[in-house]
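Me: I am new to this structure. Walk me through it with short questions and answers, please.

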Amino acid sequence: MKLFTVLSSLALLATTYAFPSIDGSVAIIKSDAVQGFVWFTSVKKCGSSGSSVRYAFHVPATANQTEYTYHIHEFPVGENNNCTATGGHYDPLKVNVQKDTYKCDPAQPTTTCEVGDLSGKHGKLVPKSDKPIAAGEYTDADVHLTGDNSIAGRSVVVHNAAGDRIGCGNIVQVTPQNLGELKL
Ligand SMILES: [Cu+2]
């Protein structure tokens, strides 16, 4: 009888979490300086597109470290977690033609912000002294998981206040097969 109960519970779980409905990609960042993730899910509603983005980072606050930026970078992480190999910000619409004059206006993201400039569009990661966590969610109409300007196969990089690359992780499509391996 007990076995039957267990089996039917598992069956119920499998029904509840219908895996084919997974439609998302995640970048997990694990370094000495920062740990966290950015989770992207396609938005598919009439008349709108883009991605729903959820993020959470452990970001310690110190005297010189009061805010962090993070971006989608053009290329994947290099060997031995080399963040330099990720290249520059992902900018398929070529917004940042002149770096000196670049000014991302969150009110007009498509024309003034690089697609990859997530903290420019949606805010920096700002830790509080009593709670070194920065988390939130937003929708970004210009972030696509498929198609010509897809973020698939690229990476997310976190920078400290000085602009150094302190952590990076590849954007990986979530599947039933790799779900268990995607851990912080
Ligand atoms: Cu960056």
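Me: In what order do the seven strands of the open sheet stand?
Reply: This is a predicted model. Its open sheet has seven strands, and their pairing is antiparallel. Read across the sheet, the order is 4-6-7-1-2-3-5.

Me: Which strands stand at the edges of the sheet?
Reply: An edge strand here has a single partner strand, so one side of it is left without a neighbour in the sheet. That holds for the strand at 69-73 and for the strand at 133-140. They are strand 4 and strand 5.

Me: By how many degrees are neighbouring strands of this sheet turned against each other on average?
Reply: Direction is ignored for this angle. The average over neighbouring strands of the sheet is 15 degrees.

Me: How many residues lie between strand 1 and strand 2 in their hairpin?
Reply: Strand 1 covers residues 24-30 and strand 2 covers residues 35-42. They run antiparallel, joined by seven bridges. Between the two strands of this hairpin, the number of residues is four.

Me: Which residue in strand 2 stands opposite V26?
Reply: Strand 1, residues 24-30, takes in position 26. Its antiparallel partner is strand 2, residues 35-42. There, the residue opposite V26 is W39.

Me: What stands opposite V38 in strand 3?
Reply: Strand 2 also pairs with strand 3, again in the antiparallel sense. Eight bridges make up this pairing. Opposite V38, strand 3 places Y55.

Me: What is the bridge partner of A56 in strand 5?
Reply: Strand 3 spans residues 51-58, so position 56 falls inside it. Eight bridges join strand 3 to strand 5, and the two run antiparallel. The partner of A56 is A135.

Me: How do the elements of the chain run from the N terminus on?
Reply: The chain has three helices and seven strands. A helix comes at the start, and two helices follow each other after four strands. Written out, the run is α-β-β-β-β-α-α-β-β-β.

Me: What share of the contacts between residues at least 6 apart in sequence joins residues at least 24 apart?
Reply: Contacts between residues under 6 apart in sequence are left out of this count. Among the rest, the share that joins residues at least 24 apart is 59%.

Me: What percentage of the residues of the chain count as buried?
Reply: The chain has 184 residues. To count as buried, a residue needs 20 or more other C-beta atoms within 10 Å of its own. The share that does is 26%.

Me: Is V95 buried, partly exposed or exposed?
Reply: V95 sits in the loop between strand 4 and helix 2. It has 19 other C-beta atoms within 10 Å. Buried would take 20 or more, and exposed 12 or fewer. So V95 is partly exposed.

Me: How far apart in space are V95 and C113, C-alpha to C-alpha?
Reply: V95 touches T111, T112, C113 and E114, not counting residues up to four places away in sequence. In sequence, V95 and C113 are 18 residues apart. In space, the distance is 6.3 Å.

Me: Is N80 buried or exposed?
Reply: N80 lies in the loop between strand 4 and helix 2. Its phi is positive, near 55 degrees, in a residue other than glycine. With 6 other C-beta atoms within 10 Å, N80 is exposed.

Me: What is the phi of K94?
Reply: K94 is found in the loop between strand 4 and helix 2. It is exposed, with 7 other C-beta atoms within 10 Å. Although K94 is not a glycine, its phi is positive, at about 55 degrees.

Technical notes
Residues numbered from 1 in each chain as written. Predicted model: local features only at pLDDT ≥ 70, side-chain atom pairs only at ≥ 80, totals over all residues. Pairing = 2+ DSSP bridges. Axes fitted to C-alpha atoms, helices over the stretch in contact; angles between N-to-C directions. Contact = placed C-beta atoms within 7 Å.
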